[in-house]
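Me: I'd like to learn how to read a pocket lining and a bent helix. Can you walk me through this one?
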Amino acid sequence: MCILESFTEQVLKIIKQIPSGKVMTYGQIAQLAGSPRGARQVVRILHSMSQKHKLPWHRVINAKGEIGIADEELFFIQKMSLESEGIKFNTHRTLNLATYQYHPEETY
């Protein structure tokens with residue numbers, strides 16, 4: 001008998017596989033985890049479980065290619081983390097999704 005993984009487990013698994021120098025969007029992760037409208041749930045999972053599961057939370061951004069964090073200190077940490085992996089920003093908050101977005105579905 002096959003036990004289906006929960007949405008949360010799927011989200012954790014997907015986020016853990018985002019390679020250095022790449023990003024995924026909240027909505028992209030939600031869709032791959034089986035809930036196309038679950039982007040806000042992905043935000044909640046990242047917020048509550050990143051530290052416990054050692055998630056590369058900084059590699060998750062919004063669908064516009066922007067860092068969506070309002071907190072100035074966390075914004076700075078996320079941007080510096082991405083830049084240290086070779087990601088270049090077009091503007092203060094925005095990067096080119098066409099260049100840096102990771103598409104794990106292409107590897108299956």
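Reply: Sure, let's start with the lining of the largest pocket: its residues divide into 7 nonpolar, 5 polar and no charged. Here Ala, Val, Leu, Ile, Met, Phe, Trp, Tyr, Cys and Pro count as nonpolar, Asp, Glu, Lys and Arg as charged, and the others, Gly among them, as polar. Keep in mind that this is a predicted model, where local features need pLDDT of at least 70 and side-chain atom pairs 80 or more, while totals for chains, interfaces and linings use all residues. Residues are numbered from 1 along each chain as its sequence is written, and side-chain values use heavy atoms, leaving out hydrogens and water.

Me: Which element gives the most to the lining of the largest pocket?

Reply: That's α3, with 4 residues. Helices are DSSP runs of H or I, at least four residues, and strands are runs of E, at least two, numbered from the N terminus.

Me: Where is the kink in helix α3 centred?

Reply: A bend at a residue is the angle between axes fitted to the seven residues ending there and the seven starting there. In α3 (residues 39–53) the kink is about 40 degrees, centred on His47. His47 is also among the residues lining the largest pocket.

Me: Which residues of α3 are buried?

Reply: Buried means under 20% relative accessible area, exposed over 50%, and partly exposed in between (1.4 Å probe, protein chains only). In α3 the buried ones are Val42, Ile45, Leu46 and Ser50.

Me: And what about Lys54, buried or exposed?

Reply: Lys54 counts as exposed because its relative accessibility is 72%. Lys54 sits in the loop between α3 and β2, and has a positive phi of about 50 degrees although it is not a glycine.

Definitions and conventions: 1 Å grid on protein atoms, 1.4 Å probe; cavity = no way out; pocket = protein on both sides within 12 Å on 5 of 7 lines; lining within 4 Å.
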